[in-house]
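Student: I should like to learn how aromatic pairs and paired strands are read from a structure. Could you guide me through an example?

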Amino acid sequence: MEKDVVQLLVGGSAGSGSIVCGTMLARALMEMGYYIVGDNEYPSIIRGGHTAYWIRAGVRRINEVDSFNDLVVAMDHETFVRHSLEFHNNTVFILDSRIVKPPDNVKVIDVPVLKLLREEGMELIVGNSIFSGAVAAAIGIPLDYMHKAIEAQFRGRKSVIEVNSRAAAIGYEYLAQVSIDYDLPRLKPPRPWGPRVLLTGNEAIALGMVKAGVKVYASYPMTPASPILHYLVGISKDKDMAVLQVENEIAAAQIIAGAAWAGVRAATGTSGGGFSLMVETLSMAGMMELPIVIVLAMRPGPSTGMATMSAQQDLLFAIFSGHGEFPKVVVAPTDQYDAYMKVIEVFNLAEKYRVPAIILEDKHLAEGHRSVPALPEEIVVDRGAVVPHEEAVKLLKEGFEYKPYQITKTCVSLHIPPGVPGLIVRTESSEHDEEGFVTIVPHKASEMYLKRLRKIKYLRREIEEKYRPLEVHGVKPSEADLVIFTWGSTLQAVIDAMEIISKELSTSVINISYLWPFPRHKFREALMEVRNAITLSVEHNALGLLRKLIRMETGFKVTYHLGKVDGRPFRPSSLAERVIKLTKVVKGAKHGSPR
């Protein structure tokens with residue numbers, strides 16, 4: 001049965017290779033020309049527990065993994081327990097019945113992985129590649145594409161590539177000879193859509209940092225931000241980057257603050273607990289006008305929460321982080337391509353206005369896969385107020401009097417990094433005057449405090465005029481029965497859900513990616529003619545943080561909120577069902593119908 005979209009699930013215990021198996025299948029399908037979205041789930045333990053990888057592949061653009069799976073690889077019995085609500089009547093299961101006893105009345109393809117490994121004298125660790133080969137044969141992936149995917153997965157490890165390729169071939173050949181008396185889920189032939197790449201959000205962010213010219217990345221490992229550190233370490237020599245794993249998050253933040261003062265682009269990545277340790281340095285960067293960039297990869301809290309799950313609970317924490325009042329940029333990319341582009345934009349803004357910046361992602365974006373168009377190579381790097389060494393030497397020879405915190409029309413002072421002969425570059429974390437000396441003189445303190453805050457006006461103007469802080473999907477808000485507000489990776493599930501919802505209600509979706517300074521003018525333009533529409537925020541938190549931010553910044557009241565706090569991302573079908581149910585209740589209440 002050929003379909004436009006097929007969804008697969010690979011489930012197994014931690015250490016079984018289920019996520020690697022799923023990733024290789026996703027890569028093979030992407031190389032064939034299909035659109036891919038991949039998501040994973042794993043516990044915070046090395047072995048045991050249950051891990052899963054979902055792949056949704058299509059001949060057309062798809063945005064999110066959905067609620068039901070067409071084919072399931074069950075490497076453990078827990079796959080049936082954990083994911084029972086994700087199966088439909090025609091779901092096909094591939095498993096080894098010597099490992100997993102399936103429930104009655106399900107469609108099973110029995111692949112004797114343990115027996116095949118024993119006959120071939122192979123280690124248990126490559127059993128996942130036998131499963132990947134069997135899936136490839138079942139859904140129509142040519143074996144050559146699996147070999148290419150294995151090469152990409154284990155790049156540079158010749159013996160590992162050889163044994164896994166052999167295992168995939170064994171699984172492929174076994175399944176090709178099995179007689180199957182029911183339809184297998186197969187995709188229609190792909191429609192080529194140009195050069196593309198399969199990326200996680202963390203990989204996209206790391207590549208964006210490289211393209212933006214980042215020279216220092218310091219971090220202490222914390223899920224789900226750690227893969228940025230791992231990726232950059234692997235390419236640091238080729239890219240002339242200093243990539244440091246340091247003793248804690250305070251050290252990481254202090255190192256990048258020093259690097260930014262020294263005149264290079266610098267960043268760190270962490271999650272909520274680590275960010276909590278960084279906020280004193282963030283406040284210091286606000287006072288010293290240092291353009292540090294922090295990637296805050298959100299997971300559920302409070303405290304350690306669920307360390308390997310996903311959430312959008314830190315929006316207001318990020319916006320109001322750090323003691324005292326100071327300008328900062330807070331942005332939330334929506335997918336991998338957007339993450340790459342936003343990193344470059346954020347570094348340009350941070351350096352141009354000499355402010356710290358925070359990039360918000362959730363675990364779902366950080367570690368999920370997506371096929372995206374080839375990333376653009378031609379980008380603009382704007383160092384803004386940073387004066388190059390040669391130019392600084394020339395200015396000093398011409399008698400230029402340098403003041404590191406000089407008050408200017410745009411409130412942005414030139415920054416000459418230390419190292420210019422004959423120039424003393426001062427900086428100060430206490431309140432200071434234009435020359436960088438500590439001051440408690442009332443009028444000087446007030447001037448400097450307001451100098452920093454006035455940057456917000458210019459920042460907001462540039463973001464609204466030059467970038468796309470807010471995007472509308474679906475019908476115009478003025479024509480909609482329902483207006484949904486969202487941010488970050490949740491947009492992807494909302495867009496797919498909109499296709500279902502729109503059959504009953506004309507729907508507009510407003511995504512806000514530049515969250516601070518809040519794009520007030522663009523927001524008011526978009527909502528200017530909204531009158532009787534139901535307004536709803538969809539966010540991966542309980543309290544509706546974007547809803548609160550909108551109210552605070554614009555006075556506009558988003559009436560309803562749909563949240564989620566179980567650590568798992570929204571799925572389009574179940575989200576659409578919840579939204580439609582809510583709108584029916586609201587309409588019934590408006591017309592006096594019994595509830």
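Tutor: The following dialogue treats aromatic rings, then charges over rings, then one strand, in a predicted model.

Student: How is a pair of aromatic rings described?

Tutor: Such a pair is described by the distance of the centres and the angle of the planes. A search of the whole structure finds eleven aromatic pairs. In one of them, the ring centres of Phe87 and Phe93 are 4.9 Å apart and the planes stand at 90°, so this pair is edge-to-face. Phe87 and Phe93 are both buried.

Student: Which residues form a pair that is stacked?

Tutor: Tyr467 and Tyr514 do, at 6.0 Å centre to centre with 25° between the planes. Tyr467 belongs to the loop between helix 15 (442–466) and strand 17 (470–474), whereas Tyr514 is in strand 20 (residues 514–516); the pair thus links distant parts of the chain, 47 residues apart.

Student: Are Tyr467 and Tyr514 buried or exposed?

Tutor: Tyr467 has a relative accessible area of 12% and is therefore buried. Tyr514, at 0%, is buried as well.

Student: Where does a charged residue lie over the face of a ring?

Tutor: Lys328 lies over the face of Phe326, 4.4 Å from the ring centre. Arg571 lies over the face of Trp54, at 5.1 Å from the ring centre.

Student: Which strands pair with strand 16 in the antiparallel sense?

Tutor: Strand 3 (residues 35–41) does so over two bridges, with Val37 opposite Arg370. Strand 9 (residues 196–200) does so over five bridges, with Thr200 opposite His369. Strand 16 (residues 369–373) is mostly covered, since four of its five residues are buried.

Definitions and conventions: Residues numbered from 1 in each chain as written. Predicted model: local features only at pLDDT ≥ 70, side-chain atom pairs only at ≥ 80, totals over all residues. Heavy atoms only, no water. Buried < 20%, exposed > 50% of the residue type's maximum accessible area, 1.4 Å probe, protein only. Pairing = 2+ DSSP bridges. Phe/Tyr/Trp six-rings, centres within 6.5 Å; stacked < 30°, edge-to-face > 60°. Lys NZ or Arg CZ within 6 Å of the ring centre and 35° of its normal.
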